[in-house]
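Me: I'm new to this one. Please put it up, and we'll go through it piece by piece.

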Amino acid sequence: MMLGKHLASRVGAVVLGGLLLSFFPGCGGSPPATFRLNMEGRSPDQFSAEQKQLVVDILTAAFGTPDDPYIFPETGLDLEKLRIAAGPTYSEAEGVRHGLFRQHCAHCHGVTGDGAGPTAAFLNPYPRDFRKGVFKFTSTGPGAKPTTDDLKKTLRNGIQGTAMPSFVLLPEAEIEALVEYVKYLSIRGQVEASLFLYLENEEDLPESRDALLDEVLLVSNQWRDAESQIVVPDLKALPPRDSSEELAASIERGRALFRDAKTAQCIKCHGPTGLGDGNDEGDLFDDWNKEKDPAHPELWALPKQKLRPRNLRLGIYRGGRAPADIYRRIFAGIKGTPMPAAGKVLKPNQIWDLVNYVLQLPYEPSPNRPEETTKLTRARL
Ligand code: HEC
Ligand code: HEC
């Protein structure tokens, strides 16, 4: 193997550590945690045992293990923070707590960040699989990673209407360590995917330090660039709302746009009155589920799960309820889902009209009332 000196010594240390532990069974309790190889959607014999071991060795060289993480300093990620979030749970004498990810997150998101921890199968939606590198609720444009602040916000607020809890009680330093660890697991997952791509294309794997560093930077630079891809809602385009008439007029323009099947197309999925009943076939999936082949459930950690367009009358906004949050959702869409980015087809003032309409929907008389429902059904027939 052409691994550089540093890499070779890391691989060596890991192998040695494993050997030592196997000589002293019972010493230190359970065996050290390992990252799960991402074989989802692949038949077990697609790659030889040697090929899989090579992927494991390269990933271990670049990222270490769940108990002893590593990251190239060139990525700008902070290894000290990773060390606090990683590993088994314990407290230093000075009170610094370690093992935060395993304590707070792994039972849902899995030790590997594959979104398939022991609790995951009972949840809808499933916990995020970080390995794809796609995050739904960000302040950034289409295709961009979340910013550090986006992830902090997700951790502090949780994701309303889902099992993702709020960690607002954790000290800032612990939130920052966890955010760094989410980035690390996500970068690791994407690099793993590109290693498998090399194998599929029958190309040589990047084994020297330089080649591997390039591979890691391809992903970690996207994280660094996120900070410059924030969508800034255009405040100059805010429709006048000094009087209730002006606000009502904006809401009515929003309502018309929402139902306009040509431009905004919201009606297609969310239905004519925002109940989330527009997608008649009911066959929407997010990117984590759409790849799953129902004929081969054994190739996936979790069964295929459908995605419902949101019922906008419930007033539950996973990405935040502030007008600027809704603006960004409409402008950039929800990444990894069919909810489209409308920023290119709609003007900022039109997006604000939609924001005003969406935000007042929960306060409108419900079409669920029997007399309204009859009218609605008739209208739909
Ligand atoms: C009880 C289960 C559970 C626990 C515990 C949990 N999560 Fe989640 N998490 C979820 C679910 C479910 C989602 C997906 C929500 C969705 O898709 O709308 C999620 C989504 C996320 C996302 C993705 C946000 C996005 O924009 O796509 C991040 C990041 C995240 N969790 C981080 C964490 C971290 C860090 C911890 C530990 C401090 C944690 N979660 C603990 C269930 C959990
Ligand atoms: C192709 C289907 C589709 C279209 C078209 C669509 N949406 Fe969505 N929308 C969804 C889905 C699916 C979700 C839920 C995604 C998730 O949480 O994973 C969603 C969620 C939302 C949310 C909730 C955001 C949050 O933070 O929870 C809002 C608001 C929204 N859509 C507004 C709109 C508006 C306004 C339009 C038209 C400009 C629109 N949608 C067009 C499918 C669609």
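Me: Metal first. What is the arrangement at the iron atom of ligand 1?
Reply: The site is octahedral, with angles of 85 to 179° among six donor atoms. Donors are N, O and S atoms within 2.8 Å of the metal (3.2 Å for Na, K and Ca). Six count as octahedral if opposite donors are over 155 degrees apart and all others between 65 and 115.

Me: Which residues coordinate that iron atom of ligand 1?
Reply: His109 through NE2 and Met164 through SD, at 2.0 to 2.1 Å. His109 is in helix 5, while Met164 is in the loop between helix 6 and helix 7, so the two tie together parts 55 residues apart in sequence. Helices here are DSSP runs of H or I, at least four residues long, numbered from the N terminus.

Me: Where do these coordinates come from, and how do I read the labels?
Reply: This is a predicted model: local features need pLDDT of at least 70, side-chain atom pairs count only at pLDDT 80 or more, and totals for chains, interfaces and linings use all residues. Residues are numbered from 1 along each chain as its sequence is written, chains are lettered from A and ligands numbered from 1 in the order written, and side-chain values use heavy atoms, without hydrogens or water.

Me: Back to ligand 1. How many residues surround ligand 1?
Reply: There are 26, and Cys105, Cys108, His109, Lys136 and Met164 are the closest. A residue gets in with a heavy atom within 4 Å. By class, the shell holds 18 nonpolar, five polar and three charged residues. Ala, Val, Leu, Ile, Met, Phe, Trp, Tyr, Cys and Pro count as nonpolar, Asp, Glu, Lys and Arg as charged, and the others as polar.

Me: Which helices supply at least two residues each to the shell around ligand 1?
Reply: Helix 5, helix 6 and helix 7.

Me: Which side chain has a polar atom 2.9 Å from an oxygen atom of ligand 1?
Reply: That is Arg128. Arg318 also has a polar side-chain atom 3.4 Å from an oxygen atom of ligand 1. The cut-off for such N or O pairs is 3.5 Å.

Me: On to ligand 2. What coordinates the iron atom of ligand 2?
Reply: His270 (NE2) and Met339 (SD), at 2.0 to 2.1 Å. The six donor atoms subtend angles of 87 to 179°, which makes this site octahedral. His270 belongs to helix 10 and Met339 to the loop between helix 12 and helix 13, so this pair ties together parts 69 residues apart in sequence.

Me: Which residues come nearest to ligand 2?
Reply: Of the 24 around ligand 2, Cys266, Cys269, His270, Arg310 and Met339. The shell divides into 15 nonpolar, four polar and five charged residues.

Me: What about oxygen atoms of ligand 2: which polar atoms are 2.4 Å or 2.7 Å away?
Reply: A polar side-chain atom of Arg310 is 2.4 Å from one. At Arg318, a polar backbone atom is 2.7 Å from an oxygen atom of ligand 2. Helix 10 (266-270), helix 12 (323-332) and helix 13 (348-360) are the elements that give two or more residues to that shell. Helix 10 gives the most, three residues.

Me: New topic, the backbone. Where is the cis peptide bond?
Reply: From Asn124 to Pro125, with omega near 0°. Pro125 is in the loop between helix 5 (106-109) and helix 6 (148-157).

Me: And what is phi of Glu202?
Reply: Near 55°, a positive value in a residue other than glycine. Glu202 is in the loop between helix 7 (172-200) and helix 8 (209-225).

Technical notes. Polar contact = N/O pair within 3.5 Å; in protein donor to acceptor, adjacent residues only side chain to side chain. Tetrahedral: all angles 85-135°; square planar, octahedral: opposite > 155°, others 65-115°.
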